[in-house]
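Reader: I would like a close look at one part of this model, the nonpolar core. Please go through its members and then the chain segment that supplies it.

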Amino acid sequence: AVVVIFQPEIRRFLQMLGLQQNHRISRLFGRENNDSDLDVDSLVKACVDMGETKTGALIVLQQTSDLSLMAEGGIAVDAKVSPSLLENLFFKDSPLHDGAIIINRNRVVAARCILPSTQSQVPKSYGTRHRAALGMSEVSDAIILVVSEETGALSIAQGGVIQRDIEPDKFKSVLVKRLNMNVERSRTTDRFFRRFKRNQNQEK
């Protein structure tokens with residue numbers, strides 16, 4: 001069983017947010033984040049642990065798409081990624097367990113975020129979380145992780161495609177491969193625009 005050590009703190013935190021919610025989330029996305037590298041090991045451990053206990057989870061890993069407006073519909077968190085934090089956020093009695101969390105670099109920016117459900121035809125076996133993960137991957141370049149509450153199965157959605165029922169011992173390698181693909185894609189795009197800008201300057 002997961003020991004909920006953060007619930008009282010979360011409740012007090014929610015009471016303190018008040019009308020400053022949207023402004024705070026905007027600051028979280030706009031500020032310099034010192035935790036630049038995602039703690040993949042902590043993230044994977046949390047997902048595998050939640051899979052074993054069949055704790056449903058929906059985790060959005062921000063890449064280059066701006067997700068600040070999506071986060072503003074949730075609750076600001078601003079906490080470093082750790083297995084205990086993630087498992088407590090999604091524990092069924094937690095006030096923040098519904099919806100998705102958004103991670104920017106290595107910090108949980110917001111929780112209880114509502115994601116757009118896919119409008120594509122999908123198998124009836126797809127639950128609400130899988131539909132939301134697929135929908136989010138269709139409108140952004142984010143990587144979305146899903147833990148099924150019914151089966152504990154692990155899935156990853158990206159680019160309008162969802163890979164389901166990933167073996168726990170392969171989950172990290174699949175995730176790292178997708179993260180590396182996004183990094184290389186971003187570098188390629190940056191090189192293209194630098195070359196384009198250089199050519200434009202030479203023509204002046």
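Author: In this predicted model, the largest nonpolar core has 32 residues, and the members that touch the most others are Ile59, Leu145 and Leu175. Helix 3 gives the most to this core, with seven residues. A second, separate core holds 21 residues, among them Leu58, Ile102, Met136 and Ile162. As general background, nonpolar side chains in soluble globular proteins tend to be buried together.

Leu175 can serve as the entry point to the larger set. Leaving aside residues up to four places away in sequence, Leu175 touches Val40, Leu43, Val44, Leu61, Ile143, Leu145 and Ile156. Of these contacts, Val40, Leu43 and Val44 are also listed among the buried residues of helix 3. Leu145, another contact of Leu175, is itself one of the three residues with the most neighbours in the core.

Helix 3 runs over residues 40–52. Its 13 residues should span 18 Å at 1.5 Å a residue, and the C-alpha atoms at its ends are 18 Å apart, so the expected and modelled spans agree. The helix is mostly covered, with ten of its 13 residues buried. Besides the three already named as contacts of Leu175, the buried residues of helix 3 are Ser42, Ala46, Cys47, Val48, Asp49, Met50 and Gly51. Cys47 has a relative accessibility of 1%, and therefore counts as buried. Cys113 is likewise buried, with a relative accessible area of 1%. The model has zero disulfides.

After helix 3 comes Lys54, with a positive phi near 55°. Lys54 takes this value although it is not a glycine. Lys54 sits in the loop that joins helix 3 to strand 1 (57–61). Its relative accessibility is 45%, so Lys54 counts as partly exposed.

Asp78 is another residue that has a positive phi of about 55° without being a glycine. Asp78 belongs to strand 2 (residues 75–80). At 19% relative accessibility Asp78 counts as buried, because the cut-off is under 20%.

Helix 5 (residues 83–90) is also mostly covered: seven of its eight residues are buried. The buried residues of helix 5 include Leu85, Leu86, Leu89 and Phe90, as well as Glu87 and Asn88. Pro83 is buried too.

Conventions: Residues numbered from 1 in each chain as written. Predicted model: local features only at pLDDT ≥ 70, side-chain atom pairs only at ≥ 80, totals over all residues. Heavy atoms only, no water. Disulfide = S-S within 2.5 Å. Buried < 20%, exposed > 50% of the residue type's maximum accessible area, 1.4 Å probe, protein only. Helix = DSSP H or I, 4+ residues; strand = E, 2+ residues; numbered from the N terminus. Expected span 1.5 Å × (residues − 1). Core = buried A, V, L, I, M, F, W, Y, C linked by side-chain atoms within 4.5 Å. Contact = heavy atoms within 4.5 Å.
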